[in-house]
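Trainee: I am new to this structure. Please show it to me, and let me ask how each term is earned.

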Amino acid sequence: MRIGLKEVAAEAGVSRSTASRALSGSPLISAETRAAVEEAAARLNYRPNRLAGALRTRQSHLVGLVLNNLINASFHTIAEVVQRRAAAEGYQVMLGITDADPAREKAFLLTLAAHGVDGIVMIGTGKNGATTNALRAEGVAVVNVIRRPIDSAAPAVLAADREGAHAATAHLLDLGHERIGFIGGEPTANSGRERFAGYEQALRERGLDPDASLIERGPFTPAFGTEAIARLLGRTPRMTALFAANHEAVFGILPTLASTGVAIPGDLSLVCYEDIPWLRYWSPAITVVDNGASELGELAMNLLLHQLKQTRGAENGETPNGRAYRVGAQLILRDSTAPRARGGDRPSGPTAAAVEA
């Protein structure tokens with residue numbers, strides 16, 4: 001038999017309404033009565049019916065977190081921030097990993113809706129704006145992070161991807177490199193588009209046209225990184241520097257470079273996008289563009305909690321296309337970049353000591 005509030009109240013010798021107030025933390029209940037009710041609930045192994053409570057109060061105290069994958073280190077960091085901030089506000093987090101499949105993503109969004117979540121943080125495919133718009137119209141708070149659907153009415157927290165990519169490419173150009181390879185994400189993702197735009201802009205500012213033979217754009221997977229770097233290394237004349245702007249692909253790029261004996265930075269200067277601790281300890285330490293993942297997560301939760309405390313849906317003041325907020329990028333110089341070798345000379349070493357974030 002399921003133990004209900006009625007049984008808890010009888011065990012504690014109080015009314016059902018008093019038991020309910022005691023377990024919800026009402027200040028109208030004395031500390032002595034609250035303790036008696038909590039002890040009775042513990043003895044009876046009482047578990048509150050959260051769904052029924054949500055139907056009464058229109059609040060489930062559940063927040064959904066939608067991620068494309070758990071490979072991306074920034075997603076890990078953002079997930080940790082969401083969990084910490086949500087718990088501090090009395091929310092539980094429901095996590096869904098979609099493998100960047102729009103159909104799976106939509107199915108999980110509908111599952112979250114069925115569970116009556118109060119809000120959703122989305123690091124998604126950018127393909128389900130209509131679904132999240134419908135959820136917002138029903139009163140669910142939504143925030144897009146890193147990637148956003150073009151038609152989304154929800155606010156978005158984005159990295160300064162174009163600026164970060166421009167800084168990375170300009171750094172390599174300043175070192176004398178002109179044949180700079182690019183491994184990036186798919187153009188259907190805003191991060192893929194913007195990072196390529198920053199790379200292209202930096203080249204054109206120096207009077208260089210992007211060379212299609214040096215460019216690989218594809219899925220956010222380690223397997224794509226393995227394939228892309230193998231293709232680039234097989235082309236002549238060979239690139240002297242590489243900007244790895246697809247973070248997940250880095251997990252395939254670095255092992256391939258190590259296994260094929262490519263010396264960094266002697267044979268190839270390398271800059272990667274998004275920082276993770278082990279890039280600091282790779283030999284040599286890898287120069288990166290830090291996208292500020294922790295700040296992205298904090299700002300996303302600020303916006304979500306603001307929505308949860310305000311009028312829901314279309315009345316929350318957002319524009320039809322959603323307002324975008326940007327977190328700045330930072331180039332962190334370590335040991336994986338060096339001046340381009342002239343003639344038969346090899347670079348003498350890194351241009352800067354490691355500068356940790």
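Trainee: Which residue in strand 10 is the bridge partner of Cys272?

Mentor: Val288 is the bridge partner of Cys272. A caution about the source: this is a predicted model, where local features need pLDDT of at least 70, side-chain atom pairs count only at pLDDT 80 or more, and totals for chains, interfaces and linings use all residues. Residues are numbered from 1 along each chain as its sequence is written, and side-chain values use heavy atoms, leaving out hydrogens and water.

Trainee: What makes strand 9 and strand 10 a pair?

Mentor: Two strands pair if DSSP finds at least two bridges between them. Strand 9 (residues 269-273) and strand 10 are joined by 3 bridges and run parallel. Therefore they pair. Strands here are DSSP runs (E, at least two residues), and helices are too (H or I, at least four), numbered from the N terminus.

Trainee: How does strand 12 run against strand 10, parallel or antiparallel?

Mentor: Antiparallel, with 3 bridges. Asp290 stands opposite Gln330 of strand 12.

Trainee: Which way do the residues of strand 10 point?

Mentor: Thr287 and Val289 point one way, Val288 and Asp290 the other. All are buried, meaning under 20% relative accessible area (exposed is over 50%, partly exposed in between; 1.4 Å probe, protein chains only).

Trainee: Why are the buried residues of helix 1 said to line one face?

Mentor: Leu5, Val8 and Ala9 are buried there. Seen down the axis, the buried residues fall within an arc of 100 degrees, so they line one face. The arc is that of the directions from the helix axis to the C-beta atoms. Exposed Lys6 and Ala10 sit on the face turned away.
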